[in-house]
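This report describes one protein model, from a single residue outward to the sheet, the helices and the ligand. Please look through the sequence and the structure before reading on.

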Amino acid sequence: MIEVNKIYKGDCWKLLDEIEDESIDLIVCDGPYGVTKNGWDRLRNIQEYNLGLIKMFSRVLKKGGALYLFGKPDCIDFIDYRPFLTLNSKIVWYQPSRLGQGRTTFTNNYDIIAYFTKGKAKVFNLDLIRVPQLVELEHRRRCEKVPSVINGKFPKTKFNEKGKNPGDVWGDIKQLTYKSKELLSKDFLNTIQKPKKLIERIVKASSNEGDLVLDPFAGTGTTLVVCKELKRNFIGIEINSDMVNICQKRLNDIELNLSSRLF
Ligand SMILES: C[S@@+](CC[C@H](N)C(=O)[O-])C[C@H]1O[C@@H](n2cnc3c(N)ncnc32)[C@H](O)[C@@H]1O
């Protein structure tokens with residue numbers, strides 16, 4: 001029996017069987033990409049692997065629940081996920097700082113975060129994830145000087161004071177670097193540890209306080225930490241015991257911080 005707000009050591013393909021049908025509000029799936037030298041990342045066919053995950057996840061997701069599946073640009077190419085989940089956006093997580101070292105083709109500068117829901121999304125908290133609309137504000141100022149606007153022939157465009165929808169190209173959140181205070185170890189650069197800001201956007205957009213979030217490939221536990229801080233319940237699964245210890249330590253540190261603030 002799986003309990004909430006815990007990190008489990010094990011293989012998510014097995015442990016998921018113990019999760020009840022339609023019990024999860026949001027899944028953050030940052031698993032294999034099929035490109036690194038890590039043993040767990042060496043797969044024969046990443047698309048077939050992801051289709052298997054999508055099938056499993058559609059069983060445990062509530063109606064209207066969301067899945068964010070991370071991967072390389074081809075991570076869901078030529079597979080039919082439509083009987084299981086609805087694809088809403090293929091978010092491009094753009095990383096302009098990568099060194100352009102490719103010699104035979106254009107260097108890949110982005111990851112995909114495929115945003116699926118089980119039917120129509122039950123939650124999309126746009127107001128919690130709005131970003132500054134700097135470009136539009138400049139444009140508006142220019143527009144306001146145009147005679148047709150000054151004379152009131154065309155109505156002024158309404159802008160939301162809280163900012164704009166972040167859209168499906170996320171270039172404002174940077175990958176962790178050697179200099180990031182958040183980085184736990186240089187071993188986790190690039191393919192492993194994700195920035196909290198990235199996961200916060202996902203968790204805020206597609207869940208509410210008290211909802212249940214599943215991270216089946218927990219790694220260093222970024223999703224679990226974000227969930228704890230944002231008052232979401234969570235279930236974490238991670239196959240590597242060293243990583244499980246790191247998750248546990250990060251979760252314990254939040255407890256310690258909270259209790260030290262109380263005294
Ligand atoms: C890309 S990392 C996740 C990183 C995480 N998002 C973070 O911010 O730290 C993927 C993790 O999945 C784990 N993993 C790989 N195969 C697994 C499986 N079948 N079940 C559970 N965990 C697995 C790996 O050990 C690795 O730590």
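## Serine 89 and its surroundings

Serine 89 lies in strand S4. The model is predicted, so local features are given only at pLDDT of at least 70 and side-chain atom pairs only at pLDDT 80 or more, while totals for chains, interfaces and linings use all residues. Residue numbers start from 1 along each chain as its sequence is written.

Strands here are DSSP runs of E with at least two residues, helices are runs of H or I with at least four residues, and both are numbered from the N terminus.

Serine 89 counts as partly exposed because it has 13 C-beta neighbours inside 10 Å. On this scale a residue is buried if 20 or more other C-beta atoms lie within 10 Å of its own, exposed if 12 or fewer, and partly exposed in between, with C-beta atoms placed from the backbone. Apart from neighbours within four places in sequence, serine 89 is in contact with Tyr115 and Asp168. Contact means that the C-beta atoms of two residues, placed from the backbone, lie within 7 Å. Isoleucine 173 is 84 residues away from serine 89 in sequence, and their C-alpha atoms are 18 Å apart in space.

## The sheet

What is the order of the eight strands in the open sheet? The order is S1-S8-S7-S2-S3-S5-S4-S6, and the pairing is mixed. Strand S1 (6–9) and S6 stand at the edges with a single partner strand each, so one side of each has no neighbour in the sheet. Two strands count as paired if DSSP finds at least two bridges between them.

The table lists strand pairs, each with one pair of residues that stand opposite each other or are bridge partners.

| Strand pair | Direction and bridges | Residue pair |
|---|---|---|
| S4 (residues 86–94) and S5 (residues 110–117) | antiparallel, eight bridges | leucine 87 and phenylalanine 116 |
| S4 and S6 (residues 169–170) | parallel, two bridges | tryptophan 93 and tryptophan 170 |
| S2 and S3 | parallel, five bridges | isoleucine 27 and leucine 67 |
| S1 and S8 | parallel, four bridges | tyrosine 8 and isoleucine 237 |
| S7 and S8 | parallel, four bridges | leucine 214 and isoleucine 235 |

Strand S8 appears in two of these rows, paired with S1 and with S7. S8 is mostly covered, with five of its six residues buried.

## Helix H5

Which residues of helix H5 (residues 196–206) are buried? They are Leu198, Ile199, Glu200, Arg201, Ile202, Val203 and Ser206. These buried residues pack against three strands and a helix: strand S2 (24–29), strand S3 (61–71), strand S7 (212–215) and helix H6 (222–229).

## Two loop residues

Most residues other than glycine have a negative phi. Phenylalanine 78 has a positive phi, near 60°, and is not a glycine. Phenylalanine 78 is found in the loop between S3 and S4, and it counts as exposed because it has 8 C-beta neighbours inside 10 Å.

Lysine 231 also has a positive phi, of about 60°. Lysine 231 lies in the loop between H6 and S8. With 11 other C-beta atoms within 10 Å, lysine 231 is exposed.

## The ligand

How many residues surround the ligand? The shell has 19 residues, and the closest are Trp40, Phe217, Gly219, Thr220 and Thr222. Helix H1 (12–15) and strand S8 (233–238) are the elements that give two or more residues to this shell. A residue belongs to the shell if its C-beta atom, placed from the backbone, lies within 6 Å of the ligand.

By class, the shell has eight nonpolar, seven polar and four charged residues. Ala, Val, Leu, Ile, Met, Phe, Trp, Tyr, Cys and Pro count as nonpolar, Asp, Glu, Lys and Arg as charged, and the others, Gly among them, as polar.

## The whole protein

The protein has seven helices and eight strands. Of its 263 residues, 29% count as buried. Among contacts with a separation of 6 or more, 71% are between residues 24 or more positions apart.

The C-alpha trace spans about 70 × 60 × 45 Å along its principal axes. The radius of gyration is 20 Å, which agrees with the value near 18 Å for a compact globule of 263 residues. This radius is taken over C-alpha atoms, and the globule rule is 2.2 Å times the number of residues to the power 0.38.

The domain assignment gives domain 1 (6–126 + 166–262) and domain 2 (131–164). Such bounds come from an automatic or database domain assignment. The C-alpha centres of domain 1 and domain 2 lie 37 Å apart.
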